[in-house]
Amino acid sequence: MKVLVPVKRVIDFNIKPRVKADGTGVETAGVKMSMNPFDEIAVEEAVRLKEKGIATEVVAVSVGVQQAQDTLRTAMAMGADRAILVLTDVAVEPLGVAKILRALVAKESPDLVLLGKQAIDDDMNATGQMLAGLLGWAQGTFASRIEIADGKATVTREIDGGLETLTLTLPAIVTADLRLNEPRYASLPNIMKARKKPLETIAPADLGVDVTPRLTIVSVAEPPARQQGITVESAADLVARLRNEAKVI
Amino acid sequence: MAVLVFLDHESGIIRQASRSAVTAARALGEVHALVTGDASVAEAAARIDGVAKVLRAAGAAAAHELAEPLAAVIADLAPAYTHIVAASGASGKNVLPRAAALLDVQPIPDVVSIVDADNFVRPIYAGSALATVRSSDAKKVLTVRASSFDPAPAEGGAAPIEQVTVPDGPALSAFVSIALSQSERPELESARVIVSGGRGMQNEENFKLLNPLADRLGAAIGASRAAVDAGFVPNDYQVGQTGKIVAPELYIAVGISGAIQHLAGMKDSKIIVAINKDPEAPIFQVADYGLVGDLFDILPQVEAALDKAG
């Protein structure tokens, strides 16, 4: 079974993003970039499927700028076998990414596409569901547990009120939630090995996909700041203020 | 043309967040509500103030709000609508992007403000920035943040109910089971008061120390990602970027340091109280009232002060 794992290069989750002074977006120049944390979880799960003998090959894919190669090398250092970079300077939206992935699925014929449930930059939470729709495949989103057997994937999903379990007919799309696993750190020997693994670069046009965004960013602004609060000295003081000042209890 | 709103339900009860989606949708046009499940769900939808028509997708294929048949239903109905809206809960986020793909539309998730029919405001980077986006798609597909729109009243409407058919297709996924957390407390997303615990609660046993305070205040109980990851409480307690987004009248954060992703889920609360032993914890930067100290000393003191105040 072949597993395709799309990964995105985003501002590192430890960095606080800064809105550009001209209000056109968020500053990325000179900012530390890393693999989207949810995608790391997806890579980890795919690699574990390979280690269990269920997956035979794990192919990492990224849509983005030249430096997204680093993200793909990270995926290969974690255990992906090879990688494909769909090179573009356009900030491709989930619809465009899903179309690119559909074209790659046609080329690669995976049995499972494992994605992070959302990217922590645009917080869209859409690519996996959209790819599933375009392909007409089953989808298991927000997965906290995956089991593969007999041509089916059994997926436990994190939903608003608790957990839901579905079975999906393969081929299928699964998106990873936080508690699916804890991704490994790549060891130095594996990082060295990853440098020699194959990385193919193609353009969206090679796949016949138009990635022109449908959404125009009109403006990006800081959210309104909260007023500076106060430090209270005691529990009694806190309760008195909540009652008399804030009037919320 | 009208607006189609998908109302999700849990155990037959339409989620309050979906009624907030009705309010958001009313700004865009006449609201038609799509529901699945028993006739009682459709009847409840028909009573929501502001709903002009209810479309009920009945039958096994539409049960459990499975994404594959439901997205197909929405795509089928779409030609009659300018906008397709749902609350940005787990169900809306599961179904709407799939429907958008079938319609060749880029969805707009987590809308917090509707500027006009084409322009929407949504948070990005865990709420560190607010983006105003303009959609060039002929039809818009959006999910809306319940915390940004008041829920439409559950009573007051008397909309007609129509049946809609689920398009034929292979059964790609099948429902196996559901495990809902049992709680007598209010839902996180509709609670007036929330008491949340973090890593500072130390373990599952200690986390229960929040119960008396929550009982006293009629509060829902939430948690930071750290507390959920550590196994103190189940996943559905999580407040934050990837958990629930809440904006209660009063949010009491106990032993929560205030990571960006947690703040993303609660910083629009009206009043925020932080109790933490680390005076440098980022949670104090968003708190209206901060109390520095050991939460295990402070919690009983707060309860005593509440009792005394009556």
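Me: What makes residues of chain A and chain B part of the contact, and how many does each chain give?
Reply: Two residues are in contact if their C-beta atoms, placed from the backbone, lie within 7 Å. By that criterion the contact takes 67 residues from chain A and 72 residues from chain B. Strand 9 of chain A gives the most to the chain A side, with eight residues; helices (H or I, at least four residues) and strands (E, at least two) are DSSP runs, numbered from the N terminus. This is a predicted model, in which local features need pLDDT of at least 70, side-chain atom pairs count only at pLDDT 80 or more, and totals for chains, interfaces and linings use all residues. Residues are numbered from 1 along each chain as its sequence is written, while chains are lettered from A and ligands numbered from 1 in the order in which they are written.

Me: Why are strand 12 of chain A and strand 10 of chain B called paired?
Reply: Two strands pair if DSSP finds at least two bridges between them. Six bridges join these antiparallel strands, so they pair. A:Thr216 stands opposite B:Arg134 in strand 10 of chain B.

Me: What makes strand 13 of chain A an edge strand?
Reply: The open sheet of six strands has the order 13(A)-18(B)-17(B)-16(B)-14(B)-15(B), with parallel pairing. Strand 13 of chain A and strand 15 of chain B each have a single partner strand, so one side of each is left without a neighbour in the sheet.

Me: How many bridges join strand 16 to strand 17 of chain B?
Reply: Five bridges join these parallel strands, and B:Val254 stands opposite B:Ile275.
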